[in-house]
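Q: I'm new to this structure and would love a close look at a single part of it. Could you walk me through the helix α8 region and what surrounds it?

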Amino acid sequence: MITILLTILKIVGVILLVFLGLILLVLCLVLFAPVKYRAKGAKHPEEMHVSAFISYLRPFIRISVSYPQEPHLSVKIFWFDLLKPKEEKKDSQRKPENNKEKRKPAGKKKPEKQSTQKQPMEKQPVERQPVERQPVEKQLSTKQPTEEKVTAAEERVSPKAESVYPLETLREDSPPRKDTQKAESKEENKLAAIAALLWQYKEMYPDVLGRLFKALKTILPGKCNIYLVFGTGSPESTGYLYGAYCAFAEYLPGTIEFEPVWMESYLDVEFELSGKIRVIHFVTAAVKIIADKRVRQFISEIRRI
């Protein structure tokens with residue numbers, strides 16, 4: 001009996017270890033395996049073409065896009081294309097359809113049946129008696145009692161309705177109620193408290209933003225080749241852009257060449273980009289930000305408001 005229990009426990013333990021190993025393997029792949037991307041394109045005055053490729057564990061997931069020359073979008077898992085259109089059945093595989101119309105023998109036409117509907121009876125003219133018209137004064141005298149009834153019904157308004165719906169609430173110039181004033185005051189107090197907290201923890205922002213920028217730098221392409229010929233049509237604006245390029249050229253990734261066109265609006269671009277993205281960089285940045293005591297205090301105080 002004990003040996004049977006031990007064998008069952010061994011089997012359960014092996015299954016649990018295999019399951020935990022699979023979970024660790026998936027986590028390591030998600031965190032450390034890079035997502036690679038590559039893009040190429042060109043924009044000339046006469047034509048334009050762009051193509052991009054994204055892969056994750058190269059044979060596992062592949063996404064490719066191309067536009068506008070032969071526009072194409074494909075999503076492949078291993079060697080199966082998920083967006084591949086279904087092939088139409090060939091005409092040869094279809095069974096021949098026997099749609100031969102049955103020909104009726106040509107014979108004599110049947111005589112048309114005489115209509116058995118009864119003809120409508122002629123209506124006899126109805127003699128109309130002349131209507132006596134009353135003078136205008138009598139008509140007005142007959143309408144007076146109806147108007148008196150309407151005024152009497154309007155006067156029979158219950159005083160409760162007036163008390164429930166006073167006329168002051170329907171006017172635009174009526175002052176706001178106390179409930180709306182209290183709600184507005186509460187919102188103003190919340191905004192003031194949040195502004196005070198933001199000012200109180202102003203020393204925390206450089207550290208948090210620095211960690212975020214470090215994580216975002218990993219997204220930047222490792223290979224970047226751009227050749228740009230650009231002009232806005234006015235020498236002043238092109239001069240500002242060219243000056244900004246000269247000031248930040250040392251800090252830009254890869255090789256970027258910019259040639260200005262001063263006297264006309266013009267655009268000619270050729271680019272090639274490639275890089276990698278890893279999830280572990282964003283996870284580490286998020287853990288470091290949350291582990292900071294100042295951030296946790298800030299979050300707890302905001303929740304209390």
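A: Happy to. A nonpolar core is a set of buried Ala, Val, Leu, Ile, Met, Phe, Trp, Tyr and Cys residues joined through side-chain atoms within 4.5 Å. In this predicted model, the largest such core has 7 residues: Leu 197, Tyr 201, Met 204, Val 208, Ile 289, Val 295 and Phe 298.

One of them, Ile 289, belongs to the buried residues of helix α8, together with Ile 280 and Ala 285. The helix itself runs through residues 279-291, 13 residues in all, and its first and last C-alpha atoms are 18 Å apart, close to the 18 Å expected at 1.5 Å a residue. Among the elements that cover its buried residues are α1 (2-32), α6 (205-217) and α9 (293-304).

Val 295 is another core member. Setting aside neighbours within four places in sequence, Val 295 is in contact with Met 204, Val 208 and Ile 289.

Charged residues also meet in this area. Arg 294 and Asp 207 form a salt bridge, with their closest N and O atoms 2.8 Å apart. Arg 294 lies in helix α9 and Asp 207 in helix α6, so this pair ties together parts that are 87 residues apart in sequence. Arg 294 also forms a salt bridge with Asp 292, where the closest N and O atoms are 3.2 Å apart. Asp 207, Asp 292 and Arg 294 are thus linked in a network of salt bridges.

How do the three sit relative to the surface? Asp 292 is buried because its relative accessible area is 16%, under the 20% cut-off. Arg 294, at 28%, counts as partly exposed, and Asp 207, at 36%, also counts as partly exposed.

Technical notes
Residues are numbered from 1 along each chain as its sequence is written. This is a predicted model: local features need pLDDT of at least 70, side-chain atom pairs count only at pLDDT 80 or more; totals for chains, interfaces and linings use all residues. Side-chain values use heavy atoms; hydrogens and water are left out. Buried means under 20% relative accessible area, exposed over 50%, partly exposed in between (1.4 Å probe, protein chains only). Contact means heavy atoms within 4.5 Å. Helices (H or I, at least four residues) and strands (E, at least two) are DSSP runs, numbered from the N terminus. The expected span of a helix is 1.5 Å times one less than its number of residues. A salt bridge is a side-chain nitrogen of Lys or Arg within 4 Å of a carboxyl oxygen of Asp or Glu.
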